[in-house]
Amino acid sequence: MRIAASSLAFSRQPLETALRKLAALGFRYVDLGTVEGWAHLAPSEIADEPDRVAERLVRLFDRDGLQPVAFNAGLGTDDPDEQQRRLRGLCRLAQRLGVRVITLPAAQRGTPLDVEIARWRPMVALASEHDVTLAVETHFGQVTEDPQTALALAERIDGLRLTLDPSHFTIQGMALSDFAALLPFVAHVHLRDAGTNGWTEVQMPVGRGAVNFAGILTALKEVGYNGAVSCEYIDTVGALDIADNLRRLKMLLERLLIAELMADAQN
């Protein structure tokens with residue numbers, strides 16, 4: 001597994017600054033924020049000029065010795081035609097950069113499952129035309145906050161995968177066993193520590209929460225997952241030292257992955 005960092009760690013900063021800071025922390029892989037109205041690139045603008053955006057990003061990534069592994073996206077529109085246009089631009093950009101996974105959010109909780117399935121199917125079909133995997137994030141407040149609903153989406157939409165964010169299950173008091181059935185459908189992972197007492201504990205200092213990092217990495221390995229795991233501490237959530245927690249989580253994950261390799265070598 002490759003250890004990446006989310007550019008949303010420095011969402012208040014320009015992309016050039018965010019990438020430089022991630023490189024300084026020792027990261028080599030990036031989960032790039034492409035969220036309309038927030039950070040770091042707007043899908044509407046990407047759709048207008050995907051080739052120009054790609055050229056700029058290639059220069060920036062080369063400058064800092066970084067490689068993008070996923071997009072964490074938000075299309076910012078409910079219009080189906082505009083969604084398709086913006087997603088098509090993201091897919092073209094992903095192709096240029098060698099990115100294979102685009103994460104999008106699910107609908108808000110309470111949305112009927114059939115309605116959500118109908119929304120995703122044309123988007124997944126479009127992404128597959130560009131050899132890009134579309135993944136829906138497991139997220140509190142959205143239909144995927146429930147593991148069974150997330151599983152139903154992945155099972156009923158051919159080609160749809162999941163971006164696993166365990167913190168959004170942890171804050172609901174769930175353990176790994178409660179969402180283990182999702183792991184074979186995972187295409188990307190967002191990681192941070194979190195508590196068990198609701199949304200206010202969705203982002204806690206590394207080691208102060210209840211996320212079972214070791215168990216999650218082991219379980220992902222057992223289902224054959226070989227994608228990236230992205231350290232996702234977000235600077236607009238709470239008042240943590242983002243750089244310090246990114247560094248600490250990276251070190252923790254590196255230790256856990258090394259321990260896994262040593263255990264494999266002894267078997």
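This passage describes the overall dimensions, the strand arrangement and selected helix contacts of a predicted model.

The protein contains 10 helices and eight strands. Its C-alpha atoms occupy a box of roughly 50 × 45 × 40 Å along the principal axes. A compact globule of 267 residues would have a radius of gyration near 18 Å, and the value of 18 Å computed for the protein therefore agrees with that expectation. Of the 267 residues, 55% count as buried. Among contacts in the protein with a separation of 6 or more, 76% are accounted for by residues 24 or more positions apart.

The eight strands form a closed barrel with parallel pairing, in the order β1-β2-β3-β4-β5-β6-β7-β8. On average, neighbouring strands of this sheet are turned by 30° against each other, direction ignored. Strands of a sheet pair through backbone hydrogen bonds, either parallel or antiparallel.

Several of the pairings may be described at the level of residues. Strand β3, comprising residues 67–74, is joined in the parallel sense to strand β4, residues 101–104, over three bridges. Within this pair, N72 has T103 of β4 as its bridge partner. Further along the barrel order, strand β5 (residues 133–137) pairs with strand β6 (residues 161–164), again in the parallel sense and over three bridges. Here A135 is matched with R161 in β6. The connection from β5 to β6 passes through helix α6, residues 147–156, and the resulting β-α-β crossover is right-handed. Strand β6 is also joined by three bridges to strand β7 (residues 186–191), and the two run parallel. In that pairing, L162 stands opposite V186 of β7.

Two helices illustrate the packing against the sheet. Helix α4, formed by residues 80–97, lies across β2 (29–35), β3, β4 and β5, and runs at about 175° to β3. Helix α10, formed by residues 242–266, packs on the sheet and touches β1 (2–6), β7 and β8 (228–231). The direction of helix α10 makes about 150° with that of β8.

Within helix α4, residue E82 was examined individually. Residues under 20% relative accessible area are classed as buried, and E82 therefore counts as buried at 18% relative accessibility. The side chain of E82 makes a polar contact with the side chain of R86, at 2.7 Å.

Terms used:
Residues are numbered from 1 along each chain as its sequence is written. This is a predicted model: local features need pLDDT of at least 70, side-chain atom pairs count only at pLDDT 80 or more; totals for chains, interfaces and linings use all residues. Side-chain values use heavy atoms; hydrogens and water are left out. Two strands pair if DSSP finds at least two bridges between them. Helices (H or I, at least four residues) and strands (E, at least two) are DSSP runs, numbered from the N terminus. A crossover is right-handed if, with the strands pointing away from the viewer, the path from the first strand over the helix to the second runs clockwise. Axes are lines fitted to C-alpha atoms, for helices over the stretch in contact, and angles run from 0 to 180 degrees between N-to-C directions. Contact means heavy atoms within 4.5 Å. Buried means under 20% relative accessible area, exposed over 50%, partly exposed in between (1.4 Å probe, protein chains only). A polar contact is a pair of N or O atoms within 3.5 Å; within protein, one must be able to donate a hydrogen and the other to accept it, and residues adjacent in sequence count only if both atoms are side-chain atoms. The radius of gyration is taken over C-alpha atoms; the globule rule is 2.2 Å times the number of residues to the power 0.38.
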